Amino acid sequence: MTVTEDALAKGVELLKPWTEETNVPEKGRTDVILRPENLLAAVDVLHREPWGHLTSITGLDLGVDAGEIEVLYHFRRQAAVLGLRVRTPRDAASVASIWDILPSASFMEREMSEMLGVDVVGMPPHGRLFLADDWPEGAYPLRKDFSPEEAAQQRPAEDRPGDAAEKPQRFIIPIGPQHPALKEPGHFEFCVDGEIITSASARLGYAHRGIEKATEARTWVQDLYLLERVCGICSHIHAMTYCQGVEKLAGIEVPPRARAIRTLMAELERVHSHMLWLGVGAHEAGFDTLFMYAWRDRETVMDLLESLSGNRVNYSANLLGGVKFDVGDGQIKAVLDGADILEKRLHHYLDVATTDESFLIRTQGIGTMTQQQAEVLGTVGPTARASGVTRDLRLDAPYAAYPDFPVKPVVASGGDLLARFVVRIEELFESLRVVRALVQNLPEGDLAVRVPTKIPEGETVSCSEAPRGELYYYIESGGADKPERIKVRTPTLANWGAVLSTVVGCQLADVPMVLAGIDPCFSCNDRMVRLRTESSGRRLWSWEELRRYGIEYYRCKTSAT
Amino acid sequence: MLRDVLTALVHHPVTERYPFERQPVPSRLRGKVIWDADKCIGCGLCVKNCPAEALELHVLDKKAKRFVMRYRVDRCLFCAQCTYSCPRGALSLSNQEWELAALSKEPFDIYYGEDADVQAVLAGTTGSDDQGG
Amino acid sequence: MADPLHQAASVLKNWARRTSPWAVHYNSGSCNGCDIEILATFTPRYDVERLGIKLQGSPRHADLLIVTGAVTRQSRERLLRIYEQMPEPKHVVAVGSGAICGGVFRGCYNCLGGVDQVVPVDAYVPGCPPRPQAIIDGLVKLLRGARNSADPPAGDKGSGSGDGAGL
Amino acid sequence: MQNISDLIALAIFPGGLFLATIALGYEWANRKLVARLQNRLGPPWYQPLADLAKLLAKDEVLPERTIGALFHGLPIVALAGVLTAALYVPLFGLRPSFGFDGDLIVAIYLLGLPTMCIGLTGASNPDRFSLVGATRTLTQFFSYEAPFLLGLLGPALVAGSWQIGQIAALARGRWLVLTQPVGFVVTLIGLMGELELPPFDAPEAETEIVAGALTEYSGRGLAFFRLAKDVELVVGMALIAALYLGGVDPALSFPLSALIFFAKTLTILLVLAILQTIFARLRIDQTVGLWWRYGVLLVLVQWFVTILGRYLPL
């Protein structure tokens, strides 16, 4: 009985009193069918255990004739995935909200309810999550009978002049934790009690393109390139996770050389993504020189990616069943030289981030998240590892070539912004080590295997470690050449809820850097979270009033001491 | 950072003066799609697999191999899926033509094929929507 | 127009507009690929400040509006507002196939397709994403295109794609 | 005859036009140095001129609910203030055009005029960014003004006069930076605070509040404000060079004296550029804390030492 089977058995045993039926769709994954009313009890037992963390909530429309909508709650404990399946009638679909037990689950529920029209009982009142403000009522995009034309008829009303005036308190400005230099529009409201934040909410939806619905209208091959562009900064890991899922469904074994090249591109992408964030984080703190130098040195890895694949950002290295290109001797030498240069520069930046006085006062002891909080709230990736939670899918459930080229975990215990900077830079030393090992002993073998255009019926969960954390793909095939349903839960979605819970109770003046700390990627997911508001009589502040309040607060504090 | 900054002051900046000096591009760079008329057998696999519906094949005469390939540069993702789907290797991505910017959309609508065929296609299907994807 | 003083003034004006094109960037629902390439053009290796291009925070200070991404329904109104806030003469550059015609997201229910369905666009830079050099090439073509055209007639909202109205 | 030469001094030679072009030159030098320190190529020499000409040719948008006169008037007042301050300062190796007892105080307050104007215009228009930018500008103005003034009064104390011309004459031989190093450092950092150079650029932090008080400006208004800032840079550095770095001996022939002036001011500019690039932006409350706690303290200690040195019979 391996660790995984152990964990699954423990999980199934915990849920025994409410189980209707259990089945094992694939190795390492067990599903338990529940009735809707037992859902809260089951989730509570798993949470109290604690049996792993909630990794995703997926909604499936079983079709107009079946007349039912199925909601899947997937929990992960290292390599073991336990699924709770709940069915609810299609016309009056409703599910109990597990928000009180797991605050970070709120926006996964919000997404499911907005897309499938499932009424989540017990959720606090909330505005629109992804869909546009002027999206017609009652149109649920992910339902099978949704017609894009009908939604398109209600063109967004001509620019309503009074729009800005209506919301005197709120002022829509492109600020906040999104990449400030990228100026992705977002709109943030903080409810404040004294100088402590009681609730934080973000209204995004500006980068929501409706990708999940579009995947159902395209063939498996076309979906590969659509899903690669969910996010431009971690494009390879999206395509790779999707390919691994489809290959699992088709029962195809990818040759070892292709797996090794996929892993090589994934690690090079991690180097480019973390260096990008190091620069943008410094730019947010006004340290433009570090931004310029970090991005100058990042060009080394961008050149490597371009010489290997032909494009700096969307490498399109993957094919269903393998990779497109090979790594020649010339490229091996270039990768090794590049890795040495990067290693030297990264040691320098680690030194700058940990000693530069003007940078330390913006990162030390700010936005701290304890290990227990990180564990329960389901944080993933470097944000979790900076709080001492060793959650790294390359170790927990090794995929592609990681079993042969293991990764050593990089964990810090500080939990504050500084720890997140340090973990990300030290993680890169580990990535460069794996890149050198991969490139020096690439296994022989061909590059790709043919995959049929029609994928056999079935469903699978495919996960991997993206630069920002655990990436979750749910892929369901009905046996046709087009997928039945593809659900993507991106790492920033998981970290959002956790970090915004730690923002509650945080100082006002430190909020911008705290939110930038999780390296949120807006186009990865367009999410919003609404949290519990304790104090009544809360006042809604706009971002500048918050910022100005931060100034006065610190000044009277400094003059008082 | 002081050491960095001072060494940078005395060294030459790393800036490449792009439009005036050009650096060599990597050989695998994925630029504009090039269609080779003789190799093409008109199977349309590339049109079916293109994720952005950027290719559109007009088959005038299959036996005489008279085809016209309409290529929309603005829709293209330069992902090279068509080069892998084509059984005859008729499509390839040039690594020289990647400066494709233009002040209007006309240059993005390219018709590969014999002039006579292209005129026929233009005349024949000016209005019809593309047969692609 | 004939007297030399006025002619000299308009030559200086065109030269100044061509040599100091300040830019503001707006992401109307992009996948971030083009945004990080646009940002890369400001970093040491490409450094567009040598062409006079500076990234400005406020649309009021900008002459170029660089837009990326297939305009999503939610950001359509914001794109219009930013365009209207910019003082004349102004130009719009659509970077990436997403901004030109929706790219891979063409047909998604929440995407309206290209930027030119919302604001008049003066330069298109295809690519997914285009290399930083290709973006610079697009900007240079736009600026060079503006050399020989006279001022846009008063009130002309910068005629749509086509003649690269005087910058 | 006299008032014609005054007019020329005011408008053409050491005053208006010539000073503005030299100010553009210094702005280019500053941007080029910052770029080279960041390993970038940096703008061509004519860039500030092109920026100015382009801004003057751009149409100006007057946002509604703002007072038109104030919106258009303040930039002109800012530029005029700084250009008048330039008359009392020895520029380009020449004696100051005008001088009277106490013109040091007048020059310093005229140098502070653009910051006041930016604060006023930020508060006068309804845009939220300008409001926050204005508060930050004025907060920073009140925090660096005291140490900057005291730092400049150090040499006046030694010279026993408040006229820049006389202080410069006395300071010519002895480099006061050696006897009053702390005063020099505080004044230099005070000048950075006044010009809102990073790390003190919180009032116009691009990633936080777009462009601070100048968010709504475009065209002529923006051009004048930027030109005022450039001229302020030149005048501030000339003042520091005259008082602390021994200024220029007017007896020298023309090319040499100008050369010495440019050498001294460009070294100060190099120091400013390096300081700009190696620090992250300080939060506005941190800048205020820095000035009130350390700035004022250091300069008072410097004063105490100077008084001891000056009046004790050594």
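C:Leu64, C:Ile66 and C:Thr68 point one way from strand E2 of chain C, while C:Leu65 and C:Val67 point the other way. Every one of these residues is buried. That pattern fits a general rule: in a regular strand, side chains alternate between the two faces of the sheet. The model described here is predicted.

Stay with E2(C) for a moment. The strand covers residues 64–68, and 5 of its 5 residues are buried. E2(C) pairs with E1(C) in the parallel sense, over 5 bridges. One of the links is easy to find: C:Val24 has C:Leu65 as its bridge partner in E2(C). C:Leu65 also matters to a wider network. The largest nonpolar core holds 334 residues, and C:Leu65, D:Val82 and D:Val89 touch the most other members. Helix H11 of chain D, residues 220–244, brings the largest share of this core, with 18 residues. In general, nonpolar side chains of soluble globular proteins tend to be buried together.

Now look at D:Val82. Leaving out residues up to four places away in sequence, D:Val82 touches D:Leu110, D:Leu111, D:Leu113 and D:Pro114. It also touches D:Ala228, D:Val231, D:Glu232 and D:Val235.

Return to chain C and its helix H5, residues 132–145. This helix has 14 residues and reaches 20 Å from its first C-alpha to its last, close to the 20 Å expected at 1.5 Å a residue. Is H5(C) mostly covered or mostly open? It is mostly covered, with 10 of its 14 residues buried. Among the buried ones are C:Ile135, C:Ile136, C:Leu139, C:Leu142 and C:Leu143. C:Lys141 is buried too. The cover includes helices H1 (4–19) and H2 (33–40) and strands E3 (91–95) and E4 (123–125), which belong to chain C.

Helix H1(C) leads to another chain. It has 16 residues and reaches 22 Å from its first C-alpha to its last, close to the 22 Å expected at 1.5 Å a residue. Buried in this helix are C:Asn14, C:Ala16, C:Arg17 and C:Thr19. The buried residues of H1(C) pack against H3 of chain D. D:Ala50 sits in that chain D helix, which spans residues 47–56. Why does D:Ala50 count as buried? It has 21 C-beta neighbours inside 10 Å, and 20 or more are needed, so it counts as buried. Apart from neighbours within four places in sequence, D:Ala50 is in contact with C:Ala16, C:Thr19, C:Ser20 and C:Gly52. D:Leu94 is another matter. It comes 44 residues apart from D:Ala50 along the chain, and their C-alpha atoms are separated by 29 Å.

Chain C also touches chain A. The contact takes 35 residues from chain C and 39 residues from chain A. On the chain C side, strand E1 (23–27), H2 and helix H3 (73–85) each supply at least two residues. H3(C) gives the most, with 7 residues. This side of chain C divides into 15 nonpolar, 12 polar and 8 charged residues.

That brings us to chain A. It has 19 helices and 15 strands. Of its 561 residues, 57% count as buried. Among contacts in chain A between residues at least 6 apart in sequence, 70% join residues at least 24 apart.

One sheet of chain A is open and has 5 strands, in the order E1-E2-E5-E4-E3, with mixed pairing. Its edge strands are E1 (21–26) and E3 (53–61), and each pairs on one side only. The twist averages 25 degrees from one strand to the next. E4(A), residues 68–77, and E5(A), residues 80–89, run antiparallel and are joined by 10 bridges. A:Arg76 has A:Val81 as its bridge partner in E5(A). Two helices meet this sheet. H1(A), residues 3–14, lies across E1, E2, E4 and E5 of chain A, at about 35 degrees to E5(A). H2(A), residues 39–48, touches E2, E4 and E5 of chain A, and its direction makes about 165 degrees with that of E5(A).

Another open sheet of chain A has 3 strands in the order E12-E13-E14, and its pairing is antiparallel. E12(A) and E14(A) stand at the edges with a single partner strand each, so one side of each is left without a neighbour in the sheet. Neighbouring strands are turned by 15 degrees against each other on average, direction ignored. E13(A) and E14(A) pair over 6 bridges. A:Ser477 stands opposite A:Pro483 in E14(A). Helix H8(A), residues 235–250, packs on this sheet and touches E12 and E13 of chain A. The direction of H8(A) makes about 150 degrees with that of E12(A).

Notes
Residues numbered from 1 in each chain as written. Chains lettered and ligands numbered in written order. Predicted model: local features only at pLDDT ≥ 70, side-chain atom pairs only at ≥ 80, totals over all residues. Helix = DSSP H or I, 4+ residues; strand = E, 2+ residues; numbered from the N terminus. Expected span 1.5 Å × (residues − 1). Buried ≥ 20, exposed ≤ 12 C-beta atoms within 10 Å, placed from the backbone. Contact = placed C-beta atoms within 7 Å. Nonpolar A, V, L, I, M, F, W, Y, C, P; charged D, E, K, R; others polar. Core = buried A, V, L, I, M, F, W, Y, C linked by C-beta atoms within 7 Å. Pairing = 2+ DSSP bridges. Axes fitted to C-alpha atoms, helices over the stretch in contact; angles between N-to-C directions.
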